[in-house]
Amino acid sequence: MLLQQLLNGVVVGGVYALFAVGFNLVFGVQRLLNLAHGAVFMTGAFVAYYTVRAGGPLILGFVAAAVASGVLAMIIEIVCFRRLRKSGDAEFGAIISSMGAGMVIMTFWQWVSQTQVLRFPFDTVPVVIYRFWGLRVSLLQLLMAAAAIAIVLVMAWFIYRTAFGRQVRAVTDSERASMLVGINPNRIYNLTYFISGALAGAAGVLVGLAFNNINFTMGEPYLMFGFAIIILGGLGSIPGALMASLIFGMVQTLSIAYLPSGLTTAFIFSAMFLILLVRPNGLMGREEAGSLRGRR
Amino acid sequence: MALVLDNLSKRFGGVVASENVNITVPKGKITGLIGPNGAGKTTIVNMITGMLAVSGGTIRVDDTDITRAPADQICRAGLARTFQNIRILPENSVLDNILIGFHRHERCSTLSALLGLPASRRETAAMRARAEALLERFGMRHLAEYPAGGLSYGHQRRVEMMRALASEPEYILLDEPIAGMNDVESDALAVLFRDLADSGIGILLIEHNLRFVTRLCEHIYVLDGGRLIAEGAPEAVLSDPAVLTAYVGGEHA
Amino acid sequence: MMNLLLGYQPLLDLFLLHLGLAYAQWLVLRAGVFSLGTVGLAAVGAYTGGILVVTYGLPAPLALIASALSGGLVALALSVPLARLRGIYQAIATVAFIQIVLSLNIYATNVTGGAQGITGIPKTVGTPLLLVAGAVTIYLMYAITRSRLGRAFDAIRQNEAVAASLGVSIVRHQTLAFVLSGALAGVYGALEAFHSYALVPSQFGFPYLIAILSYVVFGGRTSLWGPIVGTAVLILLPEVVRPLADARMLVFGILLILTINFLPKGIADTLIERARGRRLGARRPAEADTAKGS
């Protein structure tokens with residue numbers, strides 16, 4: 001039973017990783033929080049749903065969702081952040097601006113779906129259950145785990161092994177210095193946001209399939225979980241976000257199984273407060289110097 | 001009675017940024033701290049002003065140990081500072097920028113401040129009057145209502161100075177106060193610093209500009225590689241071979 | 001004429017209720033606290049008031065005091081982790097706080113009525129009382145602005161290093177601002193409960209948070225006029241332009257993006273700055289410098 005829950009937790013954690021890694025990638029590069037990330041995630045689910053309903057195969061829906069969400073995230077950066085970044089004090093502004101963008105996207109899907117809960121056709125993913133060592137794994141779970149692992153691996157390769165990845169890291173270190181060596185930061189930002197959005201969109205499709213429930217508020221709890229994960233993993237740290245997603249997925253599955261229902265969210269966020277109390281920069285985040293709130 | 005750094009040290013991991021630094025800043029005198037770029041002046045400033053944790057040694061203001069005190073309590077102990085890069089409150093008027101300097105001397109209760117009781121209003125009015133007097137003394141009365149962010153560089157420096165003085169410190173730490181100023185402006189400030197010292201304030205002057213420091217200070221400390229390499233009267237220090245070596249290739253002003 | 005005014009009474013009530021929360025948000029931002037938790041604290045106050053009146057039969061004025069206390073105390077408890085955090089982390093933690101309050105209110109069915117919320121709250125708050133509350137709130141904010149507290153808040157918001165170097169305790173002042181804001185949010189949460197018969201947990205969620213933030217960002221985050229102008233315009237706008245009423249949240253979303261990008265100080269603050277510029281305009285600083293003589 002416990003093992004089964006842990007397995008379920010790992011699958012859930014994989015999907016969280018898709019969401020949180022993109023969220024954290026953007027933060028790592030620009031030091032800005034994109035509060036519309038939940039809405040981008042939701043957009044993925046809707047796009048896949050409408051593709052499948054129009055008769056397209058699921059894989060096409062998946063690709064369409066990733067591309068649409070990627071482009072959407074790119075647009076959010078251009079419309080909401082680009083001007084603010086030049087003005088200097090973007091930290092607060094970005095929160096406000098992306099919150100507004102999230103609101104606009106949510107209203108859009110509310111109109112399109114007419115506030116209905118949408119469900120994929122019954123056999124979009126055939127219901128097949130595999131059993132081994134006394135554990136049950138559904139085809140959908142396998143699909144989710146495989147997709148999550150594949151996407152995260154490709155991204156890690158992209159960031160740590162390609163020229164593009166080196167450029168991303170250069171821009172992260174210093175926008176001005178990277179411009180001097182001929183990197184166009186805006187191009188890097190476009191690509192980073194595209195990746196971040198595509199990951200979120202993919203997560204949206206998987207979550208939509210898993211719960212077979214697509215509605216215009218589905219992004220909100222994931223945004224909150226995203227917060228908890230990046231606090232746990234350290235803002236801006238990709239490996240931290242990966243680890244934290246898996247831990248988070250397991251903790252959540254276990255607490256749903258063993259805690260009184262309804263208390264899960266309160267439990268998770270209270271744990272987050274405790275972490276912040278002990279480690280103000282997140283569990284794996286680095287300390288920042290020059291504190292005026294007492295010497296450390 | 002003095003500001004005393006006793007065997008002050010700072011290590012970042014294994015890297016030594018300051019080691020066994022002993023400095024005494026007596027009241028009524030201007031004490032200089034010089035050194036080439038990267039000598040560790042900023043580290044010392046940050047430790048004194050509570051921005052950086054001290055690894056070893058102590059810092060005392062008169063009889064108060066401020067080694068581990070947070071920045072605001074250091075001000076309350078009687079040590080004010082100016083910043084190397086001008087830091088004013090750009091949205092506020094010049095007058096409001098100076099008013100905040102009186103914070104240490106504001107006594108009215110939180111409740112009366114909240115409710116806007118007469119005690120709070122009287123205090124605000126009194127502080128305003130004192131701020132205006134300061135502005136008068138610095139010849140900036142006519143700029144009182146201007147947003148501080150729009151002032152010229154020299155005026156912003158003076159606003160910073162007035163703000164530090166408003167806290168009525170026993171000691172004041174001036175972090176490169178004439179950087180970016182022309183000779184006329186810096187001469188005017190030199191006169192002002194002399195006046196402050198004569199009024200009994202102990203000044204620690206951290207400067208790049210050797211000419212300015214030798215002209216003003218009775219006693220100079222020279223820092224290089226995180227250690228003091230010389231100290232004493234300006235003429236003696238400047239002819240010290242160790243100091244000359246440290247400054248070769250540096251900026252002889 | 002009278003009928004016309006009566007027609008606008010619900011709108012006036014709404015304006016006054018939201019104005020209070022807008023000031024609660026304004027106060028923390030003014031002190032440089034990056035809190036987005038105002039609606040969570042309002043929920044605490046609203047539930048405290050609702051439960052005390054409905055379950056325990058306490059008179060409304062006493063319950064109102066209890067609401068203020070509960071909002072302030074919860075804020076005090078929250079300020080311990082918040083004081084250790086900076087910027088973005090404060091924002092995340094306070095948004096998480098809203099979520100905790102929301103899920104606790106849904107979970108503790110015995111006390112809070114769960115997802116159904118609390119019904120049958122006697123309506124004890126009307127327009128006159130709200131007007132008094134609004135006047136008192138504005139006066140208090142004015143008094144704070146003109147006191148040593150307001151000066152300390154301004155300094156901390158603009159530059160923490162400067163504030164600390166002048167003896168301003170950052171932690172103590174931000175805690176004070178946050179607790180005051182919590183008490184204010186608690187009071188207005190309870191006023192809302194006593195004004196509207198019923199209370200549901202989802203009332204104090206993201207959309208409300210965005211509305212409150214919009215008022216402050218759109219109106220202005222520094223001057224006393226900011227929340228008044230922001231709340232008035234954003235509440236009146238959908239009424240004046242009818243088609244906008246159905247798309248209130250869309251309008252707020254777009255306005256948030258436009259304001260923060262193109263009018264980052266908000267309407268009131270920008271206008272006040274322009275007025276000051278004109279008043280001083282006869283002598284620009286540069287000319288004034290040379291004209292000083294001595």
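A salt bridge is a side-chain nitrogen of Lys or Arg within 4 Å of a carboxyl oxygen of Asp or Glu. With that in hand, one group stands out: Glu91(B), Arg30(C), Asp154(C) and Arg157(C) are joined in a network of salt bridges. The model is a predicted one, and a search through the whole of it turns up 20 salt bridges over all chains. Side chains of opposite charge can pair when their charged atoms come close.

A few of these pairs are worth a look one by one. In chain B, Glu19(B) and Arg227(B) form a salt bridge, with their closest N and O atoms 2.6 Å apart. This pair links distant parts of the chain, since Glu19(B) sits in strand 2 (residues 15–26), Arg227(B) sits in strand 10 (residues 227–232), and their positions lie 208 residues apart in the numbering. Glu19(B) has a relative accessibility of 27%, so it counts as partly exposed. Arg227(B) is partly exposed too, at 44%.

Another pair in chain B is Arg128(B) with Glu145(B), whose side chains meet in a salt bridge at 4.0 Å, N to O. Arg128(B) belongs to helix 5 (residues 118–137), while Glu145(B) is in the loop between helix 5 and helix 6 (153–166), so the bridge ties together parts that are 17 residues apart in sequence. Here again both partners are partly exposed: Arg128(B) has a relative accessibility of 30%, and Glu145(B) has 36%.

Over in chain A, Glu77(A) pairs with Arg85(A), and the closest N and O atoms are 3.2 Å apart. Glu77(A) counts as buried because its relative accessibility is 0%. Arg85(A) is also buried, at 17%, because the cut-off for that label is under 20%.

Next comes the interface of chain A and chain C. In this pairing, 46 residues of chain A are in contact with 48 residues of chain C. Together the two chains bury about 4,400 Å², and 76% of that is on carbon and sulfur atoms. The rule finds 0 salt bridges across this interface, and the count of residue pairs in polar contact there is 2. On the chain A side, helix 3 (58–87), helix 4, helix 9 (219–233) and helix 11 (264–278) each supply at least two residues. Helix 4 of chain A gives the most, with 13 residues. Sorted by class, the side of chain A that touches chain C has 29 nonpolar, 10 polar and 7 charged residues.

Helix 4 (90–113) also leads into a loop that runs to strand 1 (129–132) of chain A, and Gln114(A) is found in that loop. Most residues other than glycine have a negative phi. Gln114(A), however, has a positive phi, near 50 degrees. Thr115(A), in the loop between helix 4 and strand 1 as well, has a positive phi near 60 degrees. Gln114(A) is exposed, at 61% relative accessibility, whereas Thr115(A) is partly exposed, at 46%.

Finally, some buried residues. Thr192(A) lies in helix 8 (residues 185–211) of chain A, and its relative accessibility of 2% makes it buried. Leaving aside residues up to four places away in sequence, Thr192(A) touches Leu25(A), Val29(A), Phe164(A) and Val168(A). Among the cysteines, Cys80(A) is buried at 2% and Cys217(B) is buried at 6%. The search of the whole structure finds 0 disulfides over all chains.

Notes: Residues numbered from 1 in each chain as written. Chains lettered and ligands numbered in written order. Predicted model: local features only at pLDDT ≥ 70, side-chain atom pairs only at ≥ 80, totals over all residues. Heavy atoms only, no water. Helix = DSSP H or I, 4+ residues; strand = E, 2+ residues; numbered from the N terminus. Buried < 20%, exposed > 50% of the residue type's maximum accessible area, 1.4 Å probe, protein only. Contact = heavy atoms within 4.5 Å. Buried area = accessible area lost by both parts, 1.4 Å probe. Polar contact = N/O pair within 3.5 Å; in protein donor to acceptor, adjacent residues only side chain to side chain. Nonpolar A, V, L, I, M, F, W, Y, C, P; charged D, E, K, R; others polar. Disulfide = S-S within 2.5 Å.
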